[in-house]
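Colleague: I am new to reading protein models. Could you walk me through a few features, one at a time?

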Amino acid sequence: MAKDRLTWDEYFIKLAHMVAMRGTCDRAYVGCVIVNSENRIISTGYNGSIKGNPHCDEVGHTMRDDHCIATIHAEMNALLYCAKEGISVKNAKCYVTHFPCLNCTKSLIQAGIKEIYYSNAYRVDDYALTLLQRNNIKLKQIENRS
């Protein structure tokens with residue numbers, strides 16, 4: 001009997017969950033995979049501290065307004081790698097374990113991401129939804145099936 005083959009969306013969301021396991025901020029283990037129009041991975045990212053700085057799992061959280069400000073979000077880490085290496089994300093897709101926060105949503109839109117897929121509807125921001133709709137960004141929730 002043939003095994004059920006994962007769709008591209010299922011495959012990439014599973015990878016995002018694997019990437020999240022590298023996270024170093026235990027407030028939320030988030031993973032992100034950015035994929036080009038040919039279904040090739042161009043970047044990954046997870047929640048963690050700035051390179052060379054202590055991680056939350058080593059020294060604790062730096063909290064302000066109920067947010068850990070020492071952590072760079074998974075989406076930003078994935079985008080920043082592309083910026084550093086000169087990799088275009090124009091018309092790319094983003095697979096992320098949690099609905100992107102407002103700042104990550106704005107950054108994904110500004111960078112040229114055209115589709116966002118997520119698993120967990122975590123702190124869904126109404127203005128983020130407005131921006132996604134206003135900018136014609138495809139948004140879809142995908143379950144991470146085992």
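Modeller: Happy to! Let's start with Asn39, which is buried, with a relative accessible area of 16%. Buried means under 20%, so Asn39 falls in that class. Keep in mind that this is a predicted model.

Colleague: Where does Asn39 sit along the chain?

Modeller: You will find Asn39 in the loop between β1 (31-35) and β2 (41-46).

Colleague: And what should I look for in its backbone?

Modeller: Look at the phi angle. Most residues other than glycine have a negative phi. Asn39 is not a glycine, but its phi is positive, near 60 degrees.

Colleague: Which phi does Asp65 have, positive or negative?

Modeller: Asp65 has a positive phi too, about 50 degrees, although it is not a glycine. Its place is in the loop between β4 (63-64) and β5 (67-68).

Colleague: Is Asp65 buried or exposed?

Modeller: Asp65 is exposed, with a relative accessible area of 68%. The cut-off for exposed is over 50%.

Colleague: Now for annotations. Which residues carry the feature "binding site" in UniProt?

Modeller: An annotation comes from a record, so treat it as a label and then look at the model. The unreviewed UniProt entry places "binding site" at His73, Cys101 and Cys104. These residues span 32 residues in sequence, yet no two of their C-alpha atoms are more than 8.9 Å apart, so they gather at one spot. His73, Cys101 and Cys104 are also included in the lining of the largest pocket.

Colleague: How do I read the surroundings of the two cysteines?

Modeller: Take the place, the accessibility and the contacts in turn. Cys101 is in the loop between β7 (93-98) and α4 (102-111), and at 27% relative accessibility it counts as partly exposed. Leaving aside neighbours within four places in sequence, Cys101 is in contact with His73 and Glu75.

Colleague: What about Cys104: buried or exposed?

Modeller: Cys104 belongs to helix α4 and counts as buried, at 1% relative accessibility. With neighbours within four places in sequence again left aside, Cys104 is in contact with His73, Glu75 and Met76.

Colleague: One last feature, please. Which residues make the nonpolar surface patch?

Modeller: Here we look for nonpolar side chains that share a piece of the surface. Val124, Leu129 and Leu139 make a nonpolar patch of about 190 Å². Leu129, for example, is in helix α5 (residues 126-134), and at 34% relative accessibility it counts as partly exposed.

Note on methods
Residues are numbered from 1 along each chain as its sequence is written. This is a predicted model: local features need pLDDT of at least 70, side-chain atom pairs count only at pLDDT 80 or more; totals for chains, interfaces and linings use all residues. Side-chain values use heavy atoms; hydrogens and water are left out. UniProt positions are given in the numbering used here, feature names are shortened, and annotations may be inferred rather than shown by experiment. On a 1 Å grid over the protein atoms alone, a cavity is a set of points where a 1.4 Å probe fits but cannot get out, and a pocket is an open set with protein on both sides within 12 Å along at least five of seven lines; lining residues have an atom within 4 Å of a point. Helices (H or I, at least four residues) and strands (E, at least two) are DSSP runs, numbered from the N terminus. Buried means under 20% relative accessible area, exposed over 50%, partly exposed in between (1.4 Å probe, protein chains only). Contact means heavy atoms within 4.5 Å. Patches are made of residues with over 30% relative accessible area and no salt bridge: like charges are joined within 9 Å, nonpolar side chains (Val, Leu, Ile, Met, Phe, Trp, Tyr) within 5 Å. Accessible areas come from the Shrake-Rupley method with a 1.4 Å probe; for residues, only the protein chains shown count as cover. A salt bridge is a side-chain nitrogen of Lys or Arg within 4 Å of a carboxyl oxygen of Asp or Glu.
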